[in-house]
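Me: Could you take a close look at the aromatic rings in this model for me? I'd like to know how they are grouped and how the paired rings are set against each other.

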Amino acid sequence: MELLRFATAGSVDDGKSTLIGRLLHDSKSIFEDQLEAVERSSQQRGHDYVNLALLTDGLRAEREQGITIDVAYRYFATPQRKFIIADTPGHVQYTRNMVTGASTADLAIVLVDARKGLLEQSRRHAYIATLLGIPHLVVAINKMDLVEWDEVVFKDIASHFEGFAAGLHPHEVTFIPLSALEGDNVVDRSTNMAWYDGPTLLEHLETVEVASSFNHDKGRFPVQYVIRPLTAEHHDYRGYAGTVAGGVFRPGDEVVVLPSGRRSTVAGIDTLDGEVPEAFAPMSVTVRLADEIDISRGDMLVRADDPEPRVTQELDAMLCWFSEQPMHVGTKYAIKHTTRSAKAVVRELQHRVDIDSLQPETRASELDINDIGRVSIKVSAPLMVDPYSVNRLTGSFILIDEATNATVAAGMVL
């Protein structure tokens, strides 16, 4: 059955948790005891309705207890499709969590409170979604029950968003008016908004055409671990374990080892279930080669008949800055790209993006928390990169503060 990964995003209190709870409830994807627990909790908290947002409160409580959970994932299925939901927090300080949750998504739902219209955080999330290359964007205009189901309100917000998004060039944007609290246009069609003739949210999720976000054209295999058992049974075994980041590998394929440039042939591909005739993204496998070549973690196997990635120590990239400590030009960080780590220094901040106008601020001297900007980076060791628009795995990286070991930024190679 086909799988759709999607992320929910938006500002605080725009109803993301309620929407997820409504999707799970109305699609009959929760157990009876879960619903009974939510009903009891709703009564204990004095709600005069069943608060479906409580279905996601278990993880929120864990966060309050100090357990770090960046993104809460939920799973459900209908007869048409399986779904993985990345529930990302709406607070500005947790924008990094939205980046994490959306980085593997095929579709992003940006919720907008019909009473408040498009807020800065809504615009930021929409921008990040397009920056991450998410092909499908749903603008869910929520809380329509609180604006008297007014079509004019819906059209005004949709028009405002279209004006804002003109500079983003999103692949596809769908506007859906709904009430997560009342259940209108989430799973069941609303009788309060007869003027809307588009799909409900679930109908759209079940039918939107999803192409794989993995690149199956250019063979990329970052080596994560060299396996040499040195046991009597496997005395001569040498395999290279990792996750296929692009393309298809088969026994007999000639491969190039980067950055050394040495060549060999794939002798076999192993998994826990035995040898397989081919491996493609995102399979985790162990590749055996016909020749003994010096290969270590961080090297990359590339199919010889595919165009090679760029081997470089100079990167131009878009950064989403996560840290409360601003990014200054000249500061040194650790960089992690696929399975390779190195030192990095930001040599130039070319511009910061004004989230309101989407215009570049060329006079900016730093990136503050949640800022997005274009930078030039110098790396201490060669990286094998593709543009993020070509391959989301070999085109992305993170920057790490070496003193605190905290991730301070996510980057997309241009």
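Reply: Happy to! F6, F76 and F83 come together as one aromatic cluster. Do keep in mind that this is a predicted model.

Within that group, take F6 and F83. Their ring centres are 6.2 Å apart and the planes meet at 80°; since an angle over 60 counts as edge-to-face, that is the class of this pair. F6 belongs to strand β1 (residues 3–10) and F83 to strand β3 (residues 82–87), so the pair links distant parts of the chain, 77 residues apart. Both F6 and F83 are buried.

A second pair is worth your time too: F154 with Y196. Here the centres lie 6.3 Å apart with the planes at 75°, so this pair is edge-to-face as well. F154 sits in helix α6 (residues 151–165), while Y196 is in the loop between β6 (172–177) and α7 (201–207), so the two rings tie together parts that are 42 residues apart in sequence. As for burial, the cut-off is under 20% relative accessible area. F154 has 9% relative accessibility and therefore counts as buried. Y196, at 11%, counts as buried too.

For the wider setting, the structure holds 8 aromatic pairs, among them F6 with F83 and F154 with Y196. If you set up your own analysis, two numbers describe a pair of aromatic rings: the distance of the centres and the angle of the planes.

Conventions: Residues numbered from 1 in each chain as written. Predicted model: local features only at pLDDT ≥ 70, side-chain atom pairs only at ≥ 80, totals over all residues. Heavy atoms only, no water. Phe/Tyr/Trp six-rings, centres within 6.5 Å; stacked < 30°, edge-to-face > 60°. Helix = DSSP H or I, 4+ residues; strand = E, 2+ residues; numbered from the N terminus. Buried < 20%, exposed > 50% of the residue type's maximum accessible area, 1.4 Å probe, protein only.
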